[in-house]
Amino acid sequence: MKNLEKYKGVFPAFYACYDANGKINPEAIESLAKHYLDKGVTGLYVGGSSGECIYQSIEERQIVLEHVVKAVGGKMVIIAHVGAPSTRDSIILAKHAASLNVDALSAIPPIYYAMSHESVREYWLGIVNATDLDFIIYNIPQTTGYSLSLESYLEMLKHDQVIGVKNSSMAVLDIHMFKYYAPKDVVVFNGPDEQFLGGRISGADSGIGGTYGVMPELFIEMHKAINNHDIKRAQKIQIDVEKIIRDILSCDGNLYAIIKKILEKDNIFCGGVRSPLKNISHDDILRIDDIHLSIQKAKNKYLD
C-alpha cells in the first residue's frame with residue numbers, strides 16, 4: 001500500500017519565470033522555488049496552468065523543471081505536470097521528469113479536440129506506463145472542456161500508480177465522490193482556491209492552487225486550522241482570501257500578471273506573462289499596491 005501522507009498539505013502551482021526579453025529565467029526559477037521552501041509549503045506543482053505550460057515549448061518546460069529540482073529537489077514534494085496536446089509530447093515530458101526523480105506526475109486531458117472518455121483514459125495511461133512514478137489526474141473541465149466522470153475515475157484507479165486527482169471543478173460534490181467512492185486510499189487535491197475550506201471539508205486532503213504562491217502563509221494557516229478542527233478560524237481566513245482573490249481577478253491584467261507584480265513588492269521577480277495572456281495595465285498599478293497591502297494585513301491578523 002502506498003504512503004500518501006507526503007501529498008497532504010499546501011502545494012502552490014509554480015509560476016512561469018521570464019527575463020526582460022520573455023525567455024525562461026533559470027535564476028528566477030530557483031529563487032522562487034527557494035522562496036516557497038522558506039515559507040514551509042508541502043510541495044510544488046510545476047508546469048501547470050500557473051506555469052503557462054501551453055505557451056511553452058517542451059524544451060522550455062524541461063528547463064523549468066530542471067531548475068526547480070536543482071533548487072529544492074529532495075527538500076519538498078515536487079509534482080510535475082506533463083499534460084500536452086499529444087500523448088507523444090506528454091510521454092517525453094514524463095520520462096524527463098522521472099529522470100529528475102520528482103515525486104509524481106500529473107496531466108490535464110488533451111485539449112482542443114473533443115475526446116471520448118476512452119481516448120482520455122488511453123492518453124493518461126500512456127503517461128502512467130511511461131514511468132514508475134505516482135500519477136495524479138487533473139480534472140479542470142472549465143478550461144479543457146472535459147469533465148472527469150466517476151466511472152472513468154474508478155477505471156483509472158485500477159492502476160496502482162494512479163493515486164488520486166487534482167479536482168478543479170467548482171462542485172465540491174465531485175471532491176466528495178472522488179474521495180469516498182474510491183476503492184483504495186487516494187489523495188484528493190482541491191483546485192479552486194476560493195473553496196479551499198469547502199473542498200477540505202468535503203474530503204480533499206490537500207490543495208493545489210494558482211493564488212497560493214502570492215499568499216502561501218494564509219493557505220498554510222487555513223490548512224492547519226482545518227487539521228486542528230478550528231473551522232471558525234479557517235472560515236475567517238477563507239473569507240479574507242476570497243476578498244483578495246476577487247480583487248486580483250477584478251484587475252485588467254491576467255491573474256498571473258497581477259500576482260507576479262504583487263510578488264515584486266516583496267523583491268521576488270518572475271517577469272510578465274506570455275502573449276496572448278494580458279500583462280498589467282496602467283490602471284492596475286494602484287490596485288496592485290492595495291492588494292499587496294491587503295495581503296500584508298491578513299498575514300498580520302492570522303500569523304503569530
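## Internal spaces, cores and helix H9 in a predicted model

About 140 Å³ of space lies in the largest cavity of this structure, which is a predicted model. A search of the whole structure finds one cavity of 30 Å³ or more. Its lining is made up of 16 residues, and those nearest the centre of the cavity are Val46, Gly47, Arg61, Leu65 and His81. Helix H2 (58-72), strand E3 (77-81) and helix H3 (87-99) each contribute at least two residues to this lining, with the largest share, four residues, coming from H2.

The largest pocket has a volume of about 740 Å³ and is lined by 34 residues, of which Ser49, Tyr138, Ile140, Thr143 and Tyr256 lie nearest its centre. Helix H5 (141-144), strand E8 (206-209), H10 and H11 each supply at least two residues of the pocket lining, and H5 gives the most, with three residues. The make-up of the two linings is set out by class below.

| Space | Nonpolar | Polar | Charged |
|---|---|---|---|
| Largest cavity | nine residues | six residues | one residue |
| Largest pocket | 17 residues | 13 residues | four residues |

Turning to the nonpolar cores, the largest has 90 residues, and the members that touch the most others are Phe14, Leu44, Leu105, Trp124, Phe135 and Tyr153. Around Tyr153, once its neighbours within four places in sequence are left aside, the residues in contact are Ile137, Leu148, Gly164, Val165, Phe178, Ala182, Val186 and Val188. A second core, separate from the largest, has 16 residues, including Tyr7, Tyr45, Ile108 and Ile208.

Helix H9 spans residues 216-227, and its twelve residues reach 17 Å from the first C-alpha to the last, close to the 16 Å expected at 1.5 Å a residue. H9 is mostly covered, with ten of its twelve residues buried. The buried set consists of Pro216, Glu217, Leu218, Phe219, Ile220, Glu221, Met222, His223, Ala225 and Ile226, so that Glu217, Glu221 and His223 are listed there alongside residues such as Leu218, Phe219 and Ile220. Among the elements that cover these buried residues are strand E1 (10-12), helix H1 (26-39), helix H8 (196-201), helix H10 (231-249) and helix H12 (284-302).

Some backbone features lie in the loops. H9 is followed by His229, which is found in the loop between H9 and H10 and has a phi near 60 degrees, a positive value in a residue other than glycine. His229 counts as exposed because its relative accessibility is 71%, where the cut-off for exposed is over 50%.

The loop between H11 and H12 holds Asn267, which is not a glycine and yet has a positive phi of about 65 degrees. Asn267 has a relative accessibility of 63% and therefore counts as exposed. Pro276 also has its place in the loop between helix H11 (255-264) and H12, and the peptide bond that joins Ser275 and Pro276 is cis, with an omega of about 15 degrees.

Key: Residues numbered from 1 in each chain as written. Predicted model: local features only at pLDDT ≥ 70, side-chain atom pairs only at ≥ 80, totals over all residues. Heavy atoms only, no water. Core = buried A, V, L, I, M, F, W, Y, C linked by side-chain atoms within 4.5 Å. Buried < 20%, exposed > 50% of the residue type's maximum accessible area, 1.4 Å probe, protein only. Contact = heavy atoms within 4.5 Å. Expected span 1.5 Å × (residues − 1). 1 Å grid on protein atoms, 1.4 Å probe; cavity = no way out; pocket = protein on both sides within 12 Å on 5 of 7 lines; lining within 4 Å. Points joined across faces, edges and corners; volume = space filled by probe spheres on them. Nonpolar A, V, L, I, M, F, W, Y, C, P; charged D, E, K, R; others polar.
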